[in-house]
Amino acid sequence: MKLLSIIILGLLSLQSFSQVKFYPEASKIAVQGTSTLHDWESLVKMEEVKVELRVEDTNPLLLGYLRLTIPTQSIKSGEKLMDSKTWEALKAEKYPVLIYEAEAFESGEGKVLVTDGKLQIAGIERAIPITAKYTLNSNGREISFTGSVSFKMTDFKVTPPTAMFGTMKTGDLVTIEYKIIVEHT
């Protein structure tokens, strides 16, 4: 009987959360870094990104769950050689998606803090806490999350790409800048 009560309470708590609609055309994720030749930027083709986010019905800033799935080959710089080197470094054939997932959020003063966020790249998962600024539109339904996070590629056992027989090398540190727009439905 106790197990049944726990299951019912769990189901009821799930019903207090709703899904959100993702707006890829207004959203953006940019991966930025350096190289011995120049700074570089690759953009994520947002139409291919999947966002799963649950928010509390009564307060859309009480986030219950986030899962962001990015196809590795949706990361494009506009230069074929750089794109192929990026996908090779990220082991795109074996690991076709990058995943960011979190379940614990704190919000206040225009920011959301994700303390337990986990990023999975090339089969390696690491804790990556982030702080995102948020804004609500006038009807309180559309939410914009913006921010950036930096980490080393080698933290995920990714060897920074090289080209031209190793004479051009990318830096180990990358920064991901993002703007994710969703609507609480």
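1. In this predicted model, R67 and E52 form a salt bridge in which the closest N and O atoms are 3.9 Å apart. The pair links distant parts of the chain, for R67 belongs to strand 5 (residues 63-71) and E52 to strand 4 (residues 50-56), with their positions 15 residues apart in the sequence. R67 has a relative accessible area of 22% and is therefore partly exposed, as the value falls between the 20% limit for buried residues and the 50% limit for exposed ones.

2. A salt bridge also connects R67 with E101, where the N to O distance is 3.2 Å. Because E101 lies in strand 7 and R67 in strand 5, this pair ties together parts that are 34 residues apart in sequence. E101, at 26% relative accessibility, counts as partly exposed.

3. E52 has a salt bridge with K50 as well, and here the closest N and O atoms are 4.0 Å apart. The relative accessible area of E52 is 26%, so this residue is classed as partly exposed.

4. Which residues are joined into one network by salt bridges that share partners? They are K50, E52, R67 and E101. Within this network, E52 pairs with K50 and R67 pairs with E52, while E101 meets R67. The structure as a whole holds four salt bridges. As a general point, side chains of opposite charge can pair when their charged atoms come close.

5. Turning to the surface, K91, K94, R126 and K157 form a positive patch. One of these residues, K94, is located in the loop between helix 2 (80-89) and strand 7 (97-102). Is K94 buried or exposed? Its relative accessible area is 63%, and K94 is therefore exposed, since the value is over 50%.

6. The count of aromatic pairs comes to one. This pair consists of F151 and F156, whose rings are edge-to-face, at 5.3 Å centre to centre and with 70° between the planes. The edge-to-face label applies because the angle is over 60 degrees. F151 counts as buried at 8% relative accessibility, and F156 counts as buried at 1%. Both values are under 20%, which means that each residue of the pair meets the cut-off for burial.

7. P24 is placed in the loop between strand 1 (17-22) and strand 2 (28-33). With a relative accessibility of 18%, P24 counts as buried, because the value is under 20%. How many residues along the chain lie between the positions of P24 and K179? The two are 155 residues apart, and their C-alpha atoms are separated by 9.8 Å.

8. T146 is part of strand 13 (residues 142-152). Its relative accessible area of 27% makes T146 partly exposed, because this value lies between the limits of 20% and 50%. The C-alpha atoms of T146 and K133 are separated by 5.2 Å, while the two residues are 13 apart along the chain.

Conventions: Residues are numbered from 1 along each chain as its sequence is written. This is a predicted model: local features need pLDDT of at least 70, side-chain atom pairs count only at pLDDT 80 or more; totals for chains, interfaces and linings use all residues. Side-chain values use heavy atoms; hydrogens and water are left out. Patches are made of residues with over 30% relative accessible area and no salt bridge: like charges are joined within 9 Å, nonpolar side chains (Val, Leu, Ile, Met, Phe, Trp, Tyr) within 5 Å. Accessible areas come from the Shrake-Rupley method with a 1.4 Å probe; for residues, only the protein chains shown count as cover. A salt bridge is a side-chain nitrogen of Lys or Arg within 4 Å of a carboxyl oxygen of Asp or Glu. Lys and Arg count as positive and Asp and Glu as negative; His and the chain ends are not counted. The place of a charge is taken as NZ of Lys, CZ of Arg, CG of Asp or CD of Glu. Helices (H or I, at least four residues) and strands (E, at least two) are DSSP runs, numbered from the N terminus. Buried means under 20% relative accessible area, exposed over 50%, partly exposed in between (1.4 Å probe, protein chains only). Rings of Phe, Tyr and Trp (its six-membered ring) pair if their centres lie within 6.5 Å; planes under 30 degrees apart count as stacked, over 60 as edge-to-face and the rest as tilted.
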